[in-house]
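Please open the model in your viewer and keep the selection tool at hand. The tour below moves from one selection to the next and says what is to be found at each stop.

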Amino acid sequence: MGENLRTGPGGGQRLFNLETGDTARAPPMVPWYSGTAYFSRNRTFQYTVAAGVFRATSVRAWHHYVRCRQGVAGQPSADDFEKGRNGMKRTAGVQNREAGLRARVIFWLAKRRLGRIPLSARIQARDPKLLAAAARMSMHIARPGAVSLKLKELAQVKVAALVGCPF
Amino acid sequence: MGITEEQLRDLARFEASAHFNEEEKLVLRLAVALTRTPADVDDGLFAALRNHFSERELVELTAAIAWENYRARFNRTFDVQPEGFSEGKFCPVPER
């Protein structure tokens, strides 16, 4: 379980303290930060840090990076992975077998794009039309438009940090 | 393109950081203004934003910020845990 999760040096240690700005223990650019991050057992997302520039395909990847840098993400244990895989505490949301056509299509799209179905999608699937609208809105926001994606992502990450969102 | 590592580090203290340009700082100010309660964008900030962004651009930015608020807050009711990461720890940028 979790055997395919990529490991990196310093996993689980506090690497960077954002409050104090303590970067002394932040490691140099190691594969942890400059390669592939785990996301699920079967799928990974990519991000790279090269020449001090972070590149990723999603805000989720950005969050993973921040969490690692702050030393709070660390390396997940197999248990963490299994719990995180469900991400569940209060509800498991709509399971595949009980999902209607609309929800199934969106689940399929999410799995294709993210490697798995986020719990928040399963929960929103209790109202399939809400799920469809939310998915559409998310996809729309993620497209480049009049402003650069970087600006949008910067704003979104700031919001997520303020609200305390569990990525 | 791309968010720099310095920007990641300085996100919580972006106002004092030299790693954000004025445009980026304005966007971050808007994000903060729209995320706090009560949400309020004062005339000064709006005027500064309008100097840098067209109305269309402002609509996009506002939508992105408002939508992220929806996504980030929705999960709190159900206490959705970080998915695939370590339990009980969420994007912990200490900004409160």
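Begin by selecting residues 71–87 of chain A, a stretch over which pLDDT stays under 50 and for which the model has 51 contacts beyond four places in sequence. This is a predicted model, and where pLDDT is low, the predicted coordinates should not be read in detail. Add residues 1–44 of chain A to the selection, since pLDDT stays under 50 there as well, with 79 contacts beyond four places in sequence in the model. For chain A as a whole the mean pLDDT is 64, and 45% of its residues reach 70 or more. Among the elements of this chain, helix α1 (residues 31–34) of chain A has the lowest mean pLDDT, at 35, whereas helix α6 (residues 128–141) of chain A has the highest, at 94.

Now colour chain B by confidence. Its average pLDDT is 83, with 82% of the residues scoring at least 70; strand β1 (residues 3–4) of chain B has the lowest mean among the elements, 75, and α3(B) the highest, 97. Residues 84–94 of chain B deserve the caution given above, as their pLDDT stays under 50, although the model has 46 contacts beyond four places in sequence for them. For the complex, the predictor gives an ipTM of 0.86 and a pTM of 0.65.

With chain B still selected, follow its chain from the N terminus, where the elements run β-α-α-α-α, that is, four helices and one strand. Buried residues make up 32% of the 96 residues in this chain.

Next, select helix α2 of chain B, residues 22–35, whose 14 residues reach 20 Å from the first C-alpha to the last, close to the 20 Å expected. Which residues of α2(B) are buried? They are V27(B), L28(B), L30(B), A31(B) and T35(B). These residues lie on the same side of α2(B), because they cover an arc of only 155° around the axis. To see what covers them, show α7 (149–163) of chain A together with α3 (43–52) and α4 (55–78) of chain B, which are included in that cover.

Just beyond this helix, stop at P38(B), which is placed in the loop between α2 and α3 of chain B; the peptide bond from T37(B) to P38(B) is cis, with omega near -5°.

Move across to α7(A), where 12 of the 15 residues are buried, so this helix is largely enclosed by the rest of the structure. Its end C-alpha atoms are 21 Å apart, which agrees with the 21 Å that its 15 residues should span. Just after α7(A), find G164(A), which takes a positive phi of about 85°.

Finally, display the largest nonpolar core, which has 24 residues, and in which A155(A), V159(A), V27(B), L30(B), A31(B), L61(B) and I65(B) touch the most other members. At least two residues of this core are supplied by each of α7 of chain A and α2 and α4 of chain B, and the largest share, eight residues, comes from α7(A). Centre the view on L30(B), which touches A155(A), V41(B), L45(B), L49(B), L61(B) and I65(B), not counting residues up to four places away in sequence. Apart from the largest core lies another, of 14 residues, among them A99(A), L119(A), I123(A) and V80(B). In soluble globular proteins, nonpolar side chains tend to be buried together.

Technical notes. Residues numbered from 1 in each chain as written. Chains lettered and ligands numbered in written order. Predicted model: local features only at pLDDT ≥ 70, side-chain atom pairs only at ≥ 80, totals over all residues. Expected span 1.5 Å × (residues − 1). Buried ≥ 20, exposed ≤ 12 C-beta atoms within 10 Å, placed from the backbone. Arc of directions from axis to C-beta. Contact = placed C-beta atoms within 7 Å. Core = buried A, V, L, I, M, F, W, Y, C linked by C-beta atoms within 7 Å. pLDDT = per-residue confidence, 0-100.
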